Amino acid sequence: SRWVETSLSNQLVMEKVEVPDWDVVQLDPRTAAVWLQPAIDNTQSNSAVEIYFQLPGRDSWAWNKDMARRRVLLCLLEDMMYEPLYDELRTKQQLGYSVGCCLRDTFGVQGFSIYVLSAVKQP
């Protein structure tokens, strides 16, 4: 183990990295927000739509049984929805080249997203 420490200490130099002070907007319950972002290149035919369901509360690094349960339920929802969602929106309706759903954890705020990326359909 001393050999490993000596060998690796010369090769693994970790630099201190500044972590940006980011935050996330928490929406009030039962409200909706729409964010439109124009394309950088307006000649592109690609578009994206994301429907995001934000859950109330904020997770921390500390163990929290309720937040863990919520995360498991969101993972289960993703597993149950992904295939039928893909089959309907991508295969049958042919809305886009990338279609799916996923659990989201944005700086401790949990949510669930459904998304479509398309070159043939506009939002």
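Helices and strands here are DSSP runs, helices of at least four residues and strands of at least two, numbered from the N terminus. The model is a predicted one. By that assignment the protein chain has 2 helices and 3 strands, and along the sequence these follow the pattern α-β-α-β-β.

The loop between α1 (2–9) and β1 holds arginine 30. Although arginine 30 is not a glycine, its phi is positive, at about 60°. Its relative accessibility is 84%, so arginine 30 counts as exposed. A second residue of this kind is glutamine 94, a residue other than glycine with a positive phi near 50°. Glutamine 94 lies in the loop between α2 and β2 and is exposed, with a relative accessible area of 53%.

For the chain as a whole, 17% of the 123 residues count as buried. The exposed area comes to about 10500 Å², and carbon and sulfur atoms supply 58% of it. Among contacts with a separation of 6 or more, 62% are between residues 24 or more positions apart.

The buried part is best followed through the largest nonpolar core, which has 9 residues: Leu74, Leu85, Leu89, Val99, Cys101, Leu103, Phe112, Ile114 and Val116. Three elements give two or more residues to this core, namely α2 (65–92), β2 (98–106) and β3.

One member of the core, isoleucine 114, is found in strand β3, which covers residues 109–118. Isoleucine 114 has a relative accessible area of 18% and is therefore buried, the limit being under 20%. Leaving out residues up to four places away in sequence, isoleucine 114 touches Val49, Glu50, Ile51, Phe53, Met81, Leu85, Gly100 and Cys101. With glutamate 50 the sequence separation is 64 residues, while the C-alpha atoms of isoleucine 114 and glutamate 50 are 5.6 Å apart in space.

Three of the residues touched by isoleucine 114, Val49, Ile51 and Phe53, also make a nonpolar surface patch of about 260 Å². Phenylalanine 53 is in strand β1, residues 47–54. Its relative accessibility is 46%, so phenylalanine 53 counts as partly exposed.

Cysteine 101 is another member of the core. At 2% relative accessibility, cysteine 101 is buried. Setting aside neighbours within four places in sequence, its contacts are Glu78, Met81, Tyr82, Leu85, Phe112, Ser113, Ile114 and Tyr115. Met81, Leu85 and cysteine 101 itself are also among the residues that isoleucine 114 touches.

The cysteines raise one further point. A disulfide is a covalent bond between the sulfur atoms of two cysteines. A search of the whole structure finds 0 of them. Why does cysteine 101 not form a bond with the closest cysteine sulfur? That sulfur belongs to cysteine 102 and lies 7.1 Å from the sulfur of cysteine 101, which is too far for a bond, because a disulfide requires the two sulfur atoms to be within 2.5 Å. Cysteine 102 is likewise in no disulfide, its nearest cysteine sulfur being that of cysteine 101. Cysteine 102 is partly exposed, with a relative accessible area of 22%, whereas cysteine 101 is buried.

Conventions
Residues numbered from 1 in each chain as written. Predicted model: local features only at pLDDT ≥ 70, side-chain atom pairs only at ≥ 80, totals over all residues. Heavy atoms only, no water. Buried < 20%, exposed > 50% of the residue type's maximum accessible area, 1.4 Å probe, protein only. Patch = residues over 30% accessible without salt bridge, like charges linked within 9 Å, V, L, I, M, F, W, Y side chains within 5 Å. Areas by Shrake-Rupley, 256 points an atom, 1.4 Å probe, with all protein chains shown as cover. Salt bridge = Lys/Arg side-chain N within 4 Å of Asp/Glu carboxyl O. Contact = heavy atoms within 4.5 Å. Core = buried A, V, L, I, M, F, W, Y, C linked by side-chain atoms within 4.5 Å.
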